[in-house]
Amino acid sequence: MKISYMLLNNTGQDLGVPIGTAWQWIHEVEDEEQMRSVFERLKRKTHEDRLTLANLRINERECSDALLVDTFDFKGPALYDKTIAPKRIIHLHEEDDEENLQHA
C-alpha cells in the first residue's frame, strides 16, 4: 500500500523543510502497523515543527478528515491543492531501519 503526502513550511520553524517550500514523502507500507507508524511520525512532525499537511493520499485516493480523525486520531486537516510542487521527493519502504526514516 502506498501513502503519499506533502509537508509545507509556511512558518519557518522546521530546519528540515526549507521555509516556503514543500517536500513530498511516499511510503510503501505492508500492513496496518506500518501505516500507524507513518501517521504517528506525521502527527509528531506537523505538531512539533508546525508544518502543514497537504495532498495526503492512500493508494492514490485523497483522504477525508473524518478518516484521519476516526482511524488514526489525526487532528489536523489536510490541505488539497494541485498547484503545490514539491522541491524534494522522498520515497521510503517501511522495512527501512527506523533511524533512516526519522532523518528523512
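These legends accompany close-up views of a predicted model.

**View 1. The largest nonpolar core and its best-connected members.** Welcome to the inside of the model, where 18 residues make up this core. Ile3, Tyr5, Leu7, Trp25, Phe39, Leu53 and Leu56 are the ones that touch the most other members. Two or more residues come from each of β1 (2-8), β2 (22-28), α1 (32-48), β3 (52-58) and β5 (88-93). Helix α1 is the top contributor, giving 4 residues.

**View 2. A second core, apart from the largest one.** Here you will find a core of 5 residues. Its members include Met6, Leu8, Ala22 and Ala54.

**View 3. Histidine 27 and its partner tyrosine 5.** Look along strand β2 to find histidine 27. Its relative accessibility is 2%, so histidine 27 counts as buried. The side chains of histidine 27 and tyrosine 5 are joined by a polar contact of 3.0 Å. Tyrosine 5 may be familiar from View 1, as a member of the largest nonpolar core.

**View 4. Glutamate 40 paired with lysine 43.** The whole structure holds 2 salt bridges, and this view shows the one between glutamate 40 and lysine 43, with 3.0 Å between the closest N and O atoms. Because the two residues are 3 apart in helix α1, about one helical turn separates them. Glutamate 40 is partly exposed, at 42% relative accessible area.

**View 5. Lysine 45 meets aspartate 49.** In this salt bridge, the N to O distance is 3.2 Å. Lysine 45 has 25% relative accessibility and so counts as partly exposed, whereas aspartate 49, at 18% relative accessible area, is buried.

Notes
Residues numbered from 1 in each chain as written. Predicted model: local features only at pLDDT ≥ 70, side-chain atom pairs only at ≥ 80, totals over all residues. Heavy atoms only, no water. Core = buried A, V, L, I, M, F, W, Y, C linked by side-chain atoms within 4.5 Å. Buried < 20%, exposed > 50% of the residue type's maximum accessible area, 1.4 Å probe, protein only. Polar contact = N/O pair within 3.5 Å; in protein donor to acceptor, adjacent residues only side chain to side chain. Salt bridge = Lys/Arg side-chain N within 4 Å of Asp/Glu carboxyl O.
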